[in-house]
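Open the model in your viewer and keep the selection tool at hand. We will go from stop to stop.

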Amino acid sequence: MAMAFKMATTGMWVTDECKNSFMEMKWKKVHRYIVFKIDEKSRLVTVDKVGGPGESYDDLAASLPTDDCRYAVFDFDFVTVDNCRKSKIFFIAWSPTASRIRAKMLYATSKDGLRRVLDGIHYEVQATDPTEMGMDVIKDKAN
């Protein structure tokens with residue numbers, strides 16, 4: 001496995017799979033969302049789960065653990081008031097209150113490095129519980 005992208009501040013590595021999956025989502029629309037996790041032992045950011053094009057935002061929200069941090073990207077398709085179809089990519093930093101302090105710190109310090117690798121993100125949402133990343137929050141930011 002090639003590790004192409006090192007995040008200098010935390011010493012974490014982002015795997016090629018992360019960037020490749022993101023590019024497939026962005027350009028080919030083969031994924032609706034991608035969930036990333038940090039493996040503390042190997043110091044790698046890896047793909048945890050990929051949602052197919054038919055999956056929804058609710059599927060993404062349900063796939064996030066209630067007691068551990070994750071990053072996620074979501075491809076939000078919508079129609080504007082001018083009746084134009086648009087797509088915006090959201091980066092979600094999921095850090096539930098029940099997660100360990102060490103995990104929260106690690107995810108917080110590694111976030112910017114991952115975002116730099118994932119070129120093309122439009123908006124960011126930080127959430128500690130599901131209400132902070134509800135569909136209403138996504139729609140408000142996209143418009």
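## Stop one: a buried pair of rings

Select Y71 and F91. Both residues are buried. This is a predicted model. The two residues form an aromatic pair. How is such a pair described? By the distance of the centres and the angle of the planes. For Y71 and F91, the centres are 5.6 Å apart and the planes meet at 35 degrees. The pair counts as tilted, because stacked needs planes under 30 degrees apart and edge-to-face needs over 60.

Now colour the strands. Y71 sits in strand β5, residues 70–79. F91 belongs to strand β6, residues 85–94. The two residues are 20 apart in the chain, and the pair links distant parts of it.

Stay with F91 and add R115. What does R115 do here? R115 lies over the face of F91, at 5.7 Å from the ring centre.

## Stop two: the other rings

How many aromatic pairs does the structure hold? It holds seven. Next, select Y57, F74, F76, F78, F90 and Y123 together. These residues form one aromatic cluster.

## Stop three: strand β4 and its partners

Select β3, residues 33–39, and β4, residues 44–51. Which way do β3 and β4 run? They are antiparallel, and seven bridges join them. Click on Y33. Its bridge partner is G51 in β4.

Then add strand β2, residues 12–14. Strand β2 pairs with β4 in the parallel sense, over two bridges. Select W13 and look across to β4: L44 stands opposite.

## Stop four: two loops with a positive phi

Most residues other than glycine have a negative phi. The next two residues have a positive one.

Select R43. Where is R43? It is in the loop between β3 and β4. The hairpin of these strands has four residues between them. R43 is not a glycine, yet its phi is positive, about 60 degrees. Is R43 buried, partly exposed or exposed? Its relative accessible area is 31%, so R43 is partly exposed.

Finally, move to N83, in the loop between β5 and β6. Those are the strands that hold Y71 and F91 from stop one. Phi of N83 is near 65 degrees, again a positive value in a residue other than glycine. Why does N83 count as exposed? Because its relative accessibility is 64%, and exposed means over 50%.

Methods. Residues are numbered from 1 along each chain as its sequence is written. This is a predicted model: local features need pLDDT of at least 70, side-chain atom pairs count only at pLDDT 80 or more; totals for chains, interfaces and linings use all residues. Side-chain values use heavy atoms; hydrogens and water are left out. Rings of Phe, Tyr and Trp (its six-membered ring) pair if their centres lie within 6.5 Å; planes under 30 degrees apart count as stacked, over 60 as edge-to-face and the rest as tilted. Buried means under 20% relative accessible area, exposed over 50%, partly exposed in between (1.4 Å probe, protein chains only). A charge sits over a ring if NZ of Lys or CZ of Arg is within 6 Å of the ring centre and within 35 degrees of the ring normal. Two strands pair if DSSP finds at least two bridges between them.
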